[in-house]
Amino acid sequence: MSYSIRNVRDSEIDAVLELNEAVVPAVNSLSREEMVWFLRNAAWFRVAADAAGPAAFLVGLRAGSEYGSPNYRWFCARYADFAYVDRVAVAARARRQGLASRLYDDFAAAMREEVDVMTCEVNLRPANPDSMRFHEQRGFRQVGSQETEGGAKEVALLELRL
């Protein structure tokens, strides 16, 4: 399959939301309104798409956003500026084709001139070992951890120097 990396279109919000919901709990569930918020406010909101439409997406934010995520806020409290990967999702039909890597590379290439660190988090509880392995292989290192949702979740907070 041939995939192009491009900005999310307004008309694709429902398809992207469906991708997001298909990978919960690896990422948090979102409402349509929250997904539209990303479209309007994220520094980076791109898809890997083929003829069938979006097969993967990445949402990236910069420091200074009004985003309320406790994980994003953790980085805001510790870094003057950064590129934050809020979420990545890949459709089952498109897994193991390098789309997450392509989206990360796309975001890093765009941010490299502006910031010197990319950040994200990976679930420790519930565990997401595939995501942790992916990030470690890309050179991310853990710089902290925190519990969220009243202790129901724990995340590893990661950074990659660009």
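Two strands pair if DSSP finds at least two bridges between them. Helices (H or I, at least four residues) and strands (E, at least two) are DSSP runs, numbered from the N terminus. This is a predicted model, in which local features need pLDDT of at least 70, side-chain atom pairs count only at pLDDT 80 or more, and totals for chains, interfaces and linings use all residues. Residues are numbered from 1 along each chain as its sequence is written, and side-chain values use heavy atoms, with hydrogens and water left out.

**View 1. Strand 6 and strand 7 pair in the antiparallel sense.**
Strand 7 covers residues 153-161. The two strands are joined over 7 bridges. Look for T148, which stands opposite K153 in strand 7. Strands of a sheet pair through backbone hydrogen bonds, either parallel or antiparallel.

**View 2. Seven strands make an open sheet.**
The order of the 7 strands is 1-2-3-4-5-7-6, and their pairing is mixed. Which strands form the edges? They are strand 1 (4-7) and strand 6 (141-148), each pairing on one side only. On average, neighbouring strands of this sheet are turned by 30° against each other, direction ignored. Axes here are lines fitted to C-alpha atoms, for helices over the stretch in contact, and angles run from 0 to 180 degrees between N-to-C directions.

**View 3. Helix 1 and helix 4 lie across strands.**
Helix 1 (residues 13-22) lies across strand 2 (44-50), strand 3 (53-62) and strand 4 (83-90). Helix 1 runs at about 85° to strand 3. Helix 4 (residues 99-111) lies across strand 1, strand 2, strand 3, strand 4 and strand 5 (117-125). Its angle to strand 3 is about 35°. Contact means heavy atoms within 4.5 Å.

**View 4. W44 and F107 form a tilted ring pair.**
A search of the whole structure finds 16 aromatic pairs. Rings of Phe, Tyr and Trp (its six-membered ring) pair if their centres lie within 6.5 Å; planes under 30 degrees apart count as stacked, over 60 as edge-to-face and the rest as tilted. The ring centres of W44 and F107 are 6.1 Å apart, with the planes at 35°. W44 sits in strand 2 and F107 in helix 4, 63 residues apart, so the pair links distant parts of the chain. W44 is buried, with a relative accessible area of 17%. F107 is buried too, at 0%. Buried means under 20% relative accessible area, exposed over 50%, partly exposed in between (1.4 Å probe, protein chains only).

**View 5. Y72 and Y84 meet edge-to-face.**
Their ring centres are 5.3 Å apart, and the planes make an angle of 65°. Y72 lies in helix 3 (residues 70-78) and Y84 in strand 4, so the pair ties together parts 12 residues apart in sequence. Are these rings' residues buried or exposed? Y72 is buried, with a relative accessible area of 0%. Y84 is buried, also with 0%. Both belong to one aromatic cluster, formed by W37, F38, Y67, Y72, W74, F75, Y79, F82 and Y84.

**View 6. The protein holds 5 helices and 7 strands.**
Along the sequence, the pattern is β-α-α-β-β-α-β-α-β-α-β-β. Of the 162 residues, 51% count as buried. The C-alpha atoms fill a box of roughly 40 × 35 × 30 Å, taken along the principal axes.
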